[in-house]
Number of protein chains: 2
Amino acid sequence: MMFSFKLLKKDPNTRARLGLLKTFHNVVETPVFMPVGTLATVKTMSPEELKGIGAQIILSNTYHLYLRPGEELIAKAGGLHKFMNWDRAILTDSGGFQVFSLGPLRTISEEGVTFKSHIDGSTHFMSPEKAVKIQEALGSDIAMVFDECAPYPSEYSYAKEAMKRTYRWAKRCKEVHRREDQVLFGIVQGSIYPDLRVESAKYLTELDFPGYAVGGLSVGEPKPLMYEMLEVLEPHLPQDKPRYLMGVGSPDALIEGVIRGIDMFDCVLPTRIARNGTVFTRYGKLVVRNAAYKEDFRPIEEDCQCYTCRNYSRAYIRHLLHNDEVLGIRLTTIHNLHFLINLMKEIRKAIKEERLLVFAREFLQNYEQGKD
Amino acid sequence: MMFSFKLLKKDPNTRARLGLLKTFHNVVETPVFMPVGTLATVKTMSPEELKGIGAQIILSNTYHLYLRPGEELIAKAGGLHKFMNWDRAILTDSGGFQVFSLGPLRTISEEGVTFKSHIDGSTHFMSPEKAVKIQEALGSDIAMVFDECAPYPSEYSYAKEAMKRTYRWAKRCKEVHRREDQVLFGIVQGSIYPDLRVESAKYLTELDFPGYAVGGLSVGEPKPLMYEMLEVLEPHLPQDKPRYLMGVGSPDALIEGVIRGIDMFDCVLPTRIARNGTVFTRYGKLVVRNAAYKEDFRPIEEDCQCYTCRNYSRAYIRHLLHNDEVLGIRLTTIHNLHFLINLMKEIRKAIKEERLLVFAREFLQNYEQGKD
């Protein structure tokens with residue numbers, strides 16, 4: 001199967017798009033949410049469970065897999081898909097975000113980044129060329145260029161420098177990328193500065209990537225600022241290529257992102273909060289771990305069709321969580337991933353039926369209303 | 001469905017038996033291994049996964065459920081089956097073993113045992129009457145009498161005293177037991193003293209229980225001593241009632257137990273060692289967590305039909321275990337439970353075909369041979 005993106009429909013009232021992303025493993029309906037499987041596993045889940053809730057594509061992390069177990073071992077295993085028993089699409093990030101998040105543990109040069117492992121403090125070097133090489137060894141369907149992700153807040157001058165370096169590094173990534181059963185996406189940077197975002201998009205689209213990510217957002221800035229950046233950026237991204245908003249996964253931000261023309265999202269949020277005993281509902285988040293649910297024999301959500309809600313009560317889940325029983329975090333993870341994947345399904349349906357704005361308004365109203 | 005035990009066949013060469021145990025939820029083929037779900041969950045597993053590997057009946061612990069979440073909450077939830085989404089048989093122990101294992105944290109009187117919770121140090125009282133009441137609230141298919149489990153080693157005099165008290169307590173349990181969709185099994189005690197074991201069996205069978213457990217074995221004594229006790233005891237247990245050897249689950253002891261006339265077993269061993277990264281194989285245990293398996297892309301066992309072995313390599317499982325990924329202990333747990341449940345299936349087949357001794361010799365030879 002060759003890689004392609006087909007734009008099926010554009011919403012007449014928003015910038016939302018309905019699309020089909022053909023990867024080397026399966027066809028992905030967009031807009032799509034990608035569960036995160038940092039270490040070649042979506043925490044607590046089996047691949048069959050992921051498929052059961054409709055996961056079409058997952059994300060895995062280059063930085064983490066490079067450190068453990070190492071990309072060479074995964075290549076020997078026959079690649080990431082075979083290693084982890086997942087036969088649908090995988091997107092790997094480039095490790096840029098993780099490396100830059102290390103703060104004092106890293107030093108940047110034009111050549112690349114020297115950093116210390118968060119595990120054992122050993123020194124490593126990551127460059128655009130190396131990030132591509134590692135992702136080629138992993139064999140993901142979609143690889144990402146190695147970018148410099150400016151933190152929030154960043155001075156204009158640094159944000160500009162990081163954006164320009166991200167462009168130069170994107171070029172170097174593209175030059176060394178060889179694998180034909182893998183595509184490479186560019187990453188737009190520019191922090192919260194509209195002109196830098198537009199400049200970044202212009203630079204990158206000149207390189208003609210098969211897809212474009214928006215990086216450096218959802219890193220601490222207020223959400224309205226993030227939405228503003230998306231609005232500014234959208235006209236400067238090609239219509240016939242998929243757009244991926246990195247690291248965003250709250251229900252409201254998914255809807256707001258889709259409305260602003262985003263096709264792909266990933267985030268650790270649903271799986272991370274699940275492990276802390278927090279679950280999504282139509283009426284906001286619910287801390288099922290709380291004492292309030294001790295004798296609550298209703299499911300997390302009455303009308304939810306997920307495995308968890310069809311079979312278990314809040315009281316049982318709370319009991320499991322309180323006793324550190326693995327099934328507890330399995331059940332909350334299943335519910336949260338199902339919630340987001342089902343939300344994207346409803347969003348796609350709403351786009352198709354040209355009622356996205358109505359759907360969005362209603363969803364956001366309910367979701368905000370119920371907030372603690 | 002009424003409770004009954006049907007003896008289908010007796011092995012002509014050993015004391016092994018093939019039977020059908022009709023419970024209030026399903027028909028259980030014996031000899032059977034019961035996975036342990038201490039806190040209303042077999043650690044890491046979903047009920048569907050348990051069924052998938054052929055689990056027919058599970059065990060849950062009265063002591064633990066009494067402390068957390070409390071039997072009243074479970075009764076309100078509609079009973080243990082509904083609470084944990086398990087519609088096959090459940091056996092609950094009486095809490096006796098756990099309470100007596102608390103050592104200095106408990107004091108024994110004829111009335112019952114005063115003990116301190118291992119969780120918060122709070123003081124509790126457990127008696128035969130209370131153990132029955134709790135198990136009736138839980139609603140298990142098979143409840144156990146509250147027994148005094150003598151540790152190993154125990155002086156003859158104390159072992160005798162504990163055995164006699166166990167008998168008196170069994171009588172009291174029987175007197176107060178009311179629930180008609182639950183049966184109560186007696187427990188034979190007597191430590192490693194043949195005459196006490198025989199005496200215990202005589203006392204208990206006078207009370208005419210629908211099933212008899214052998215308690216106080218596998219508590220630290222050498223295995224040959226355990227086997228000797230089973231041999232001494234067997235002629236004194238009624239043929240038409242199921243016999244349950246408590247807390248035994250190593251592959252060799254399962255076979256040796258069946259040969260000595262045992263129909264039911266339970267043990268935390270397969271699930272506990274799984275969480276430490278150790279798995280059963282035909283050729284002994286294998287510590288899949290070890291560095292030796294880092295680049296071993298074979299399954300745990302080449303010919304094993306379990307979900308884990310059909311889909312994952314030792315290298316992947318080791319990677320998961322090393323990174324504390326939940327899927328790792330899920331996969332080792334599935335394999336270990338499948339291993340024992342499948343072993344029992346093979347044992348039943350061998351009894352049916354009158355070749356149990358040949359099967360046992362071959363299995364034990366392979367299993368001992370491969371031991372580290």
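**Reading a two-chain model**

Q: Buried or exposed: which word fits T44(A)?

A: T44(A) is buried, since its relative accessible area is 2%. The cut-off for that word is under 20% relative accessible area. Keep in mind that this is a predicted model.

Q: Where along chain A should I look for T44(A)?

A: Look in the loop between strand 4 (32-34) and helix 1 (47-52) of chain A.

Q: Which residues does T44(A) touch, leaving out those up to four places away in sequence?

A: Watch the chain letters as you read this list. In chain A, T44(A) touches E49(A), R275(A), I329(A), R330(A) and T333(A). In chain B, it touches V326(B) and R330(B). Distance along the chain is another thing to check: T44(A) and G328(A) are 284 residues apart in sequence, yet their C-alpha atoms are separated by 9.9 Å.

Q: What rotation superposes chain B on chain A?

A: A rotation of 180° does it, with 0.0 Å of shift along the axis and an RMSD of 0.0 Å. That is the relation of a two-fold axis. Both copies use the same surface, as 100% of the contact residues of chain B recur in chain A.

Q: Which residue of chain B comes closest to the rotation axis?

A: That is V326(B), whose C-alpha lies 3.7 Å from the axis. You have met V326(B) already, among the residues that T44(A) touches.

Q: How many helices and strands does chain A have?

A: Chain A has 15 helices and 16 strands. Its radius of gyration is 20 Å, close to the 21 Å that the globule rule gives for 372 residues, so chain A is as compact as a globular protein of that length. The C-alpha trace spans about 60 × 50 × 45 Å along its principal axes.

Q: What share of the residues of chain A count as buried?

A: Of the 372 residues, 62% do. As for the surface, chain A exposes about 14,000 Å², and carbon and sulfur atoms supply 50% of that area.

Q: How many positive and negative side chains does chain A have?

A: There are 49 positive and 47 negative side chains, and the centres of the two sets lie 2 Å apart.

Q: Why do residues three or four places apart in an α-helix point the same way?

A: An α-helix has 3.6 residues a turn, so such residues share a direction. Now try helix 6 (residues 128-138) of chain A, where P128(A), A131(A), V132(A), I134(A), Q135(A), E136(A) and L138(A) are buried. Just after this helix, G139(A) takes a positive phi of about 80°.

Q: What is the relative accessible area of Q135(A)?

A: It is 0%, and Q135(A) is buried. Leaving out residues up to four places away in sequence, Q135(A) touches T62(A), T92(A), D93(A), S94(A), S140(A), A143(A), M144(A) and Q182(A).

Q: Which loop holds H177(A)?

A: H177(A) lies in the loop between helix 7 (156-176) and strand 11 (183-188) of chain A. With 15% relative accessibility, H177(A) counts as buried. Among the residues it touches are V132(A), E136(A) and Q182(A). You can link this loop to helix 6, which includes V132(A) and E136(A) among its buried residues. The C-alpha atoms of H177(A) and E129(A) are separated by 8.1 Å, although these residues are 48 apart along the chain.

Key. Residues numbered from 1 in each chain as written. Chains lettered and ligands numbered in written order. Predicted model: local features only at pLDDT ≥ 70, side-chain atom pairs only at ≥ 80, totals over all residues. Heavy atoms only, no water. Least-squares fit on C-alpha atoms with pLDDT ≥ 70 in both. Contact = heavy atoms within 4.5 Å. Helix = DSSP H or I, 4+ residues; strand = E, 2+ residues; numbered from the N terminus. Rg over C-alpha atoms; globule rule 2.2 N^0.38 Å. Buried < 20%, exposed > 50% of the residue type's maximum accessible area, 1.4 Å probe, protein only. Areas by Shrake-Rupley, 256 points an atom, 1.4 Å probe, with all protein chains shown as cover. Lys, Arg positive; Asp, Glu negative; His and termini not counted. Charge placed at Lys NZ, Arg CZ, Asp CG, Glu CD.
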